[in-house]
Amino acid sequence: MDNFKNSRRQFIGKSTKAGLALTAISSLPAYFSACASGSAAKEATGFDQQPLPYAYNALEPVIDAMTMELHYSKHAAAYSKNLKEAAQAEGIDANTPLENVLANISKYSTKLRNNGGGHYNHELFWKCMKPSGEGKPSGKLLAAIEKDFSSFDAFKTQFSDAGKTRFGSGWAWLVVGPDKKLVIGSTPNQDNPLMDASELKGFPLLGVDVWEHAYYLKYQNRRPEYLEAWWNVVNWGYVQSRFEQQA
Ligand code: MN
């Protein structure tokens with residue numbers, strides 16, 4: 001299995017955009033079955049990088065193909081590789097759900113914290129986006145957003161502000177807090193709200209990467225412009241499926 005995953009990762013790394021698109025399509029049934037399995041099954045995150053669910057150029061013009069390629073195949077791939085190295089060095093079985101490791105991250109090294117968080121955050125980030133997003137959520141998630149933030153527009157402003165004001169590198173989040181209320185916040189570096197060491201705690205529904213590597217080629221220093229454009233590629237169907245897991 002490991003050999004298969006490794007060769008698949010090497011294949012992805014070397015493949016053309018067309019090849020990548022085919023690889024991505026082959027991953028869709030697993031993704032949809034995870035969504036369709038309903039509230040009983042929470043998704044567990046493994047240590048291997050999963051195929052990107054769309055081609056590198058699929059999110060243009062919001063996110064350019066070069067940024068996506070470098071982000072996925074270099075930055076995010078390195079988090080997965082370094083996570084596996086750290087896990088092995090620290091005696092963590094490679095089949096442990098990453099969520100369980102993050103919940104106890106204060107017991108482990110900085111390398112595991114940075115790369116375990118980095119891998120989890122990116123695996124979530126790719127799935128939180130899609131070409132031509134729906135623009136806004138619907139159903140129970142929209143109702144909860146309107147209840148906890150007064151309106152969808154107020155939610156968007158508060159979420160964007162969390163990204164804009166995160167000093168240096170980090171992430172902005174929408175999470176289901178311990179009391180089941182929706183909360184917006186941000187974390188530094190590659191920390192996330194599943195970590196026992198994080199100030200912001202809860203189950204992440206939506207996260208946006210505000211590291212410069214996520215936007216610098218196209219937006220340079222204009223992080224607010226990136227955050228504004230990013231709403232156009234949010235995969236609200238996926239965010240809703242995460243919310244329903246928590247209901
Ligand atoms: Mn990133």
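**View 1. Lysine 130 and glutamate 134 pair through their side chains.** Lysine 130 is partly exposed in this predicted model, at 25% relative accessibility. Its partner is glutamate 134, and the two side chains form a salt bridge. The N to O separation is 3.0 Å. Glutamate 134 also counts as partly exposed, with a relative accessibility of 40%. The structure holds eight salt bridges.

**View 2. Arginine 222 forms a salt bridge with glutamate 225.** The closest N and O atoms of this pair are 2.8 Å apart. Arginine 222 has a relative accessible area of 31% and is partly exposed. Glutamate 225 is partly exposed too, at 40%.

**View 3. Lys81, Glu85 and Lys111 belong to one network.** The three residues are joined by salt bridges that share partners. Within this group, glutamate 85 bridges to lysine 111, with 2.6 Å between the closest N and O atoms. Glutamate 85 sits in helix α3 (residues 65-89). Lysine 111 sits in helix α5. The two residues are 26 residues apart in sequence, so their pairing ties together separate parts of the chain. Glutamate 85 has a relative accessible area of 35% and is partly exposed. Lysine 111 is likewise partly exposed, at 35% relative accessibility.

**View 4. Four residues supply the protein donors of the manganese ion.** Three are histidines: His71, His122 and His213, each using its NE2 atom. The other is Asp209, which uses OD. These donors lie 1.9 to 2.1 Å from the ion. Along the chain, their spacing reads H-x50-H-x86-D-x3-H. Histidine 122 comes from helix α5 (residues 110-127), while aspartate 209 comes from strand β3 (residues 203-209). These two donors are 87 residues apart in sequence, so the pair ties together distant stretches of the chain. Both histidine 122 and aspartate 209 are buried.

**View 5. Helix α7 has a buried side and an exposed side.** The helix covers residues 152-165. Its 14 residues should span 20 Å at 1.5 Å a residue, and the end C-alpha atoms are indeed 20 Å apart. The buried residues are Phe152, Phe155, Phe159, Ser160, Ala162 and Gly163. Seen down the axis of α7, they fall within an arc of 150°, so they line one face of the helix. The face turned away from that buried side carries Asp153 and Thr165, which are exposed.

**View 6. Met66, Leu70 and Leu217 make a nonpolar surface patch.** Together the three residues offer about 280 Å² of accessible area. Leucine 217 belongs to helix α8 (residues 216-219).

**View 7. The protein chain contains 10 helices and three strands.** This view places the close-ups in the whole chain. Read along the sequence, the elements follow the pattern α-α-α-α-α-α-α-β-β-β-α-α-α. The chain has 247 residues, and buried residues make up 47% of them. Histidine 122 and aspartate 209 of the manganese site are buried. Lysine 130, from the opening view, is partly exposed.

How values were computed. Residues are numbered from 1 along each chain as its sequence is written. This is a predicted model: local features need pLDDT of at least 70, side-chain atom pairs count only at pLDDT 80 or more; totals for chains, interfaces and linings use all residues. Side-chain values use heavy atoms; hydrogens and water are left out. Donors are N, O and S atoms within 2.8 Å of the metal (3.2 Å for Na, K and Ca); water is not among the atoms, so sites may look incomplete. Helices (H or I, at least four residues) and strands (E, at least two) are DSSP runs, numbered from the N terminus. Buried means under 20% relative accessible area, exposed over 50%, partly exposed in between (1.4 Å probe, protein chains only). Patches are made of residues with over 30% relative accessible area and no salt bridge: like charges are joined within 9 Å, nonpolar side chains (Val, Leu, Ile, Met, Phe, Trp, Tyr) within 5 Å. Accessible areas come from the Shrake-Rupley method with a 1.4 Å probe; for residues, only the protein chains shown count as cover. A salt bridge is a side-chain nitrogen of Lys or Arg within 4 Å of a carboxyl oxygen of Asp or Glu. The expected span of a helix is 1.5 Å times one less than its number of residues. The arc is that of the directions from the helix axis to the C-beta atoms.
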